[in-house]
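Visitor: I should like to understand how certain structural terms are applied. May we look at an example together?

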Amino acid sequence: MNSLFADIILPLPLAADFTYAVPAELQHEVKVGKRVIVQFGKKKFYSGLIRTLHNNRPEYDEIKNIESILDDEPVIHKGQVEFWDWMSKYYMCSLGEVMKAALPSGLKLESQTKVIFNPDFQAKETLTDSEEVIFRLLNDQKVATIQDVNSALASKNGLRVVKSLLQKGAITIEEQLKNSYKPKTEIYLTLNDKLRSEAAVHKMLNTLTRAKKQYDALTLFLQWVLEKENFGHLIAKKQLLKQVSAAALKALIDKNILSAKEVRVDRLHRFNGQVRDSFDLNIHQQKAFEEINRGFEKFPTVLLHGVTASGKTEVYIRLIEECIASGKQVLYLLPEIGLTTQIIQRLKNVFGDKAGIYHSKFNDHERVEIWNNVLNYTGEANSSHQIILGARSAVFLPFKDLGLIIVDEEHENSYKQFDPAPRYHARDAAMVLAHLHGAKTLLGTATPSIESYFNAVSGKYGLVELTKRHGEIELPEIVVADSKEAYRKKRMQGHFTPELFEQMELALEKGEQVILFQNRRGFSPFVQCKSCGWIPTCTDCDVSLTYHKNRNLLICHYCGHTKYLPPKCGSCGHEQIDSKGFGTEKIEEELKTLFPEAKVARMDMDSTRTKYAFEKLIEKFEKQEIDILVGTQMITKGLDFANVSTVGILNADNMFNYPDFRSFERSFQLISQVSGRAGRKNKQGKVIIQTSSPEHQVINDVRENDYQRMFKSQLQERNMFKYPPFYRMITITLKHRDARQLDRAAAQLAHELRKTFGNRILGPEYPVISRLQQWYQKIIWLKVEKKYSPSAVKKNISEKIDWLKNNPGNSTLIVMADVDPQ
């Protein structure tokens with residue numbers, strides 16, 4: 001056999017693929033896209049993906065063999081590697097980092113360090129307290145994982161202790177390959193082959209007349225089998241156990257009357273409801289639908305700009321029907337996992353099990369099974385998961401034949417992945433994915449991003465406007481309440497202006513629901529000593545700790561560091577510590593005091609941590625079991641409630657006073673979106689915006705629903721100050737535990753970059769939060785004209801970063817590039 005080599009993608013931040021030899025006995029099995037086990041380094045083993053197969057022997061001397069092949073068939077398509085390759089180049093990261101983000105954890109295998117007790121160890125020096133804890137743990141159970149060590153020490157620093165014990169000879173370590181995915185199986189029972197005739201069955205029943213429970217169990221089993229008219233039919237054991245005893249079934253198995261068989265089953269819930277036809281489109285929706293199809297004849301991407309409650313989802317459903325009728329697949333992206341709850345039900349009502357869902361709250365096993373369903377899509381009429389509804393990670397699924405991608409709420413910055421790499425934007429990645437499949441992309445929103453709308457009016461995308469709400473319902477009435485004046489006149493009720501308080505009272509009297517938006521979770525942003533002004537801060541980050549009254553904890557929202565609220569000041573010892581500002585928790589508490597008869601609930605990250613918490617909360621609100629819902633950004637995005645008449649925005653100033661060039665755009669989008677939750681079905685709703693700047697430009701644009709004015713003013717500013725969409729932006733973040741080392745390295749890199757890019761380089765500067773998780777950070781900005789080649793610019797930056805990392809003293813420096821930062 002000729003020598004065969006495979007270039008392997010490993011789930012590591014490596015600059016290149018690594019080439020392995022394919023042993024002769026495996027050459028007939030290897031295929032591009034299959035997972036293989038390879039050794040990397042002296043001890044570590046990983047599952048990698050075969051990227052290419054070739055006969056070109058690499059130049060280096062020692063070439064390791066592929067250890068084994070994990071799959072019968074490839075787990076990714078060849079086109080996916082092309083997509084990954086684009087992503088790694090565009091977003092300046094490694095192919096391994098893309099692979100790690102793309103594959104479900106259940107498909108990634110890596111060696112796990114096993115810490116093993118050394119029975120021959122004799123202590124020559126005293127063990128530290130931490131070492132003693134681990135030594136005793138291993139003395140009891142002999143073997144432990146690093147996770148076990150961390151749990152025993154209640155910290156994440158177990159590796160230090162393991163290293164110390166290893167040096168002292170108290171332990172040994174070895175690597176074992178860990179596979180986290182196991183197919184779900186259930187026990188099914190079937191009739192023994194020799195008993196599959198009426199005569200044999202009657203004879204067997206006669207032998208059981210004295211064993212009543214066994215007789216009854218077999219009779220029930222036969223009853224179910226005969227309903228299927230097949231003696232060989234399998235019956236789930238757990239179904240039988242609901243009516244018969246386990247002992248009776250065991251006896252029937254022991255007597256070889258029934259045979260037990262382990263059967264692989266689906267973890268995913270099946271749709272049990274009645275599939276209905278999609279709703280008829282009204283005249284405005286039908287016009288938009290036709291314009292979108294005409295737009296797709298000219299453009300690969302069309303932007304649907306439709307006001308809130310205009311019925312965009314029904315237009316999407318009609319487009320999906322057209323697409324799947326041709327046998328193609330559809331990807332429907334949403335910015336937040338929470339939004340999938342309502343939308344998936346609407347899709348399943350029309351498409352049944354053809355519609356599936358994919359996001360990070362599924363466990364590893366479920367994600368692997370969804371992955372396999374998409375991978376094995378056949379195009380047949382009854383194929384499941386022909387339509388995938390998901391958050392940003394769904395762009396990585398192994399689609400075979402995509403026909404349409406819908407990016408709903410395309411303006412949302414939740415589509416941008418911040419950490420870890422790849423720092424991709426799912427909207428932009430979706431358009432590239434669609435191009436690779438020859439598919440179309442529809443961007444939908446009531447408040448388009450400046451960049452998308454600019455592309456549409458510039459002729460790069462098609463543009464369709466849907467300006468009427470469904471049912472001709474008017475847009476909500478916007479009332480601006482001056483909170484500064486209300487505080488001055490002492491007319492505030494808690495954190496509610498008279499206008500908002502009275503409107504809430506009126507809504508509750510009519511049996512209507514209220515949504516309140518406060519974009520800060522917790523009880524208060526910080527606490528402060530009344531005597532000396534001391535504020536508790538995070539030990540690892542340069543931020544104050546947020547007070548969560550329900551748990552009586554101070555929590556860092558950046559690293560998760562927690563501590564109990566101190567009984568007295570940590571500086572002067574004074575015992576009076578006041579909470580400052582307000583979050584969703586505090587509003588919830590005030591509402592329960594001001595409206596004791598109302599049912600109040602809170603929707604934020606703290607109240608929706610569990611897998612189905614969000615769904616349960618949405619269901620309760622839909623059933624009107626909740627009167628007032630207070631929440632963070634979660635409540636602003638595309639949720640549809642028929643009985644909501646009033647929306648309150650408690651502090652609009654927080655949004656447009658944020659130091660970011662997109663703050664006015666985002667404020668307009670956020671206020672408009674949360675306003676759109678009011679009066680969606682029956683009558684015009686009312687929105688109360690509390691602000692200390694009632695004449696602010698953003699407030700006026702929202703009040704008059706004037707997107708065009710906001711767009712034009714922002715476009716003018718961005719052109720003047722060299723921001724997107726006129727310039728490309730890349731940020732380079734440097735991190736180091738030593739501030740002085742960081743200052744030195746950042747200055748070096750900025751100096752080198754200025755040699756090429758001149759005054760297009762800004763910084764380095766410390767961001768608003770200069771230290772996170774004990775890492776100091778500085779940022780360098782690059783703004784470059786669109787006429788220059790993006791690949792040449794990125795290549796130059798990568799070379800400068802590599803140069804910096806290779807300089808002496810920079811081994812612990814972290815440098816990250818973020819393309820098109822949000």
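Visitor: Why does the sulfur of Cys 559 form no bond with the closest cysteine sulfur?

Guide: The closest cysteine sulfur, in Cys 538, is 3.6 Å away, whereas a disulfide is a pair of cysteine sulfur atoms within 2.5 Å. The sulfur of Cys 559 is therefore too far from that of Cys 538 for a bond. Please note that this is a predicted model, in which local features need pLDDT of at least 70, side-chain atom pairs count only at pLDDT 80 or more, and totals for chains, interfaces and linings use all residues. Residues are numbered from 1 along each chain as its sequence is written, and side-chain values use heavy atoms, leaving out hydrogens and water.

Visitor: How many disulfides does a search of the whole structure find?

Guide: The search finds 0. Cys 556 is likewise in no disulfide, the nearest cysteine sulfur, that of Cys 559, being 3.7 Å away.

Visitor: Why is Cys 556 called buried?

Guide: Buried means under 20% relative accessible area, exposed over 50%, and partly exposed in between (1.4 Å probe, protein chains only). Cys 556 has 2% relative accessibility, and therefore counts as buried.

Visitor: What makes Cys 559 partly exposed?

Guide: Its relative accessible area is 25%, so Cys 559 is classed as partly exposed.

Visitor: How do you know that β20 and β27 pair?

Guide: Strands (DSSP runs of E, at least two residues, numbered from the N terminus) pair if DSSP finds at least two bridges between them. Strand β20 (residues 513-517) and strand β27 (residues 628-631) have 4 bridges, in the parallel sense. The bridge partner of Val 514 in β27 is Ile 628.
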